[in-house]
Amino acid sequence: MVDQLTKQFGISAKEATDMIAVGMAGGANAADNMAGMISQYSGAFSDAGISAQEFIGVMAQTESGLFNEQGMSMITKAGAKIREMSKATADSLDAIGISSDAMTKALSDGSMTSMEAIQKISEKLRTLSPDTQEYAQVVKNVFGKVGVQAGSKMIEMLADMDVSIDSVV
């Protein structure tokens, strides 16, 4: 686990060990699957610009039952789609009043993390009816097939997810 975190997030072994300890104390290993989750998702979360601390925070909520593994896949997919910012993704965000240009700039200059962008999108979706075409396009173009399968309630839960590692204990 330590090795995977150090390689994927560029943190020291001590930082990784400390995060694992905090995560375990906060329930990230409640299903005895922390090592598997780190192995499966750390690369994608790191690639999405999500910090090691945020990753452990999300994992703790996943393992403690507040969220599920499908949610981890949804965050992974959304992080990739937001980074790519295809025309379809940009158009669907612009259609709900989120400037894709401003989001791309904020992600590029580091003033917004991928997780913050995902939460902003989820918060905006909460204000719309899931029955609208705009809502459906954002789900399809940002969260992908896994988002469609997860449903609106899980997507909207992301808006309130506290991904701070300090919140897990």
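Helices here are DSSP runs of H or I, at least four residues long, and they are numbered from the N terminus. The model is predicted.

**Figure 1. Asp 131 sits in the loop between helix 8 and helix 9.** Helix 9 spans residues 133–150. Asp 131 is exposed, with a relative accessible area of 74%. That value is over the 50% mark, so Asp 131 counts as exposed. A second residue for this view is Ala 31, which lies 100 residues away from Asp 131 along the chain. The C-alpha atoms of Asp 131 and Ala 31 are separated by 35 Å.

**Figure 2. Gln 119 is a buried residue of helix 8.** Helix 8 covers residues 114–126. The relative accessible area of Gln 119 is 14%. Buried means under 20%, so Gln 119 falls in that class. Neighbours within four places in sequence are set aside in what follows. Gln 119 then has contacts with Leu 158, Ala 159, Asp 160 and Met 161.

**Figure 3. Arg 126 also belongs to helix 8.** Arg 126 is partly exposed, at a relative accessible area of 33%. Setting aside neighbours within four places in sequence, Arg 126 touches Glu 156, Ala 159 and Asp 160. Ser 152 completes the view: Arg 126 and Ser 152 are 26 residues apart in sequence. From C-alpha to C-alpha, Arg 126 and Ser 152 are 8.4 Å apart in space.

**Figure 4. Met 85 has a positive phi.** Most residues other than glycine have a negative phi. Met 85 is not a glycine, yet its phi is about 45 degrees. Met 85 lies in the loop between helix 5 and helix 6. Helix 5 runs over residues 69–84. Met 85 counts as buried, at 15% relative accessibility. Beyond helix 6 comes Gly 97, whose phi is also positive, near 90 degrees.

**Figure 5. Helix 6 has buried residues on one side.** The buried residues are Thr 89, Ala 90, Ser 92 and Leu 93. They cover an arc of only 165 degrees around the axis, which puts them on the same side of helix 6. Lys 87 and Ala 95, on the other side of helix 6, are exposed. The buried residues of helix 6 pack against four helices: helix 5, helix 7 (100–109), helix 8 and helix 9.

**Figure 6. Helix 6 crosses helix 9.** Helix 6 is made up of residues 87–95. The axes of helix 6 and helix 9 come within 9 Å. They cross at roughly 145 degrees. The crossing is left-handed. From helix 6, the contact takes in Ala 88, Thr 89, Ser 92, Leu 93 and Ala 95. From helix 9, the residues are Glu 134, Gln 137, Val 138, Asn 141 and Val 142. Five residues of this contact are nonpolar, four are polar and one is charged.

**Figure 7. Ile 121 is a member of the largest nonpolar core.** This core holds 49 residues. Phe 55, Ile 121 and Phe 143 touch the most other members. Helix 9 gives the most to this core, with seven residues. Which residues does Ile 121 contact, leaving aside neighbours within four places in sequence? They are Ile 82, Leu 93, Ile 98, Met 103, Val 138, Val 142 and Phe 143. One of these, Leu 93, is also a buried residue of helix 6. Val 138 and Val 142 reappear from the contact of helix 6 with helix 9.

How values were computed:
Residues are numbered from 1 along each chain as its sequence is written. This is a predicted model: local features need pLDDT of at least 70, side-chain atom pairs count only at pLDDT 80 or more; totals for chains, interfaces and linings use all residues. Side-chain values use heavy atoms; hydrogens and water are left out. Helices (H or I, at least four residues) and strands (E, at least two) are DSSP runs, numbered from the N terminus. Buried means under 20% relative accessible area, exposed over 50%, partly exposed in between (1.4 Å probe, protein chains only). Contact means heavy atoms within 4.5 Å. Axes are lines fitted to C-alpha atoms, for helices over the stretch in contact, and angles run from 0 to 180 degrees between N-to-C directions. A crossing is left-handed if the near helix is turned anticlockwise from the far one by less than a right angle, and right-handed if clockwise. Ala, Val, Leu, Ile, Met, Phe, Trp, Tyr, Cys and Pro count as nonpolar, Asp, Glu, Lys and Arg as charged, and the others, Gly among them, as polar. The arc is that of the directions from the helix axis to the C-beta atoms. A nonpolar core is a set of buried Ala, Val, Leu, Ile, Met, Phe, Trp, Tyr and Cys residues joined through side-chain atoms within 4.5 Å.
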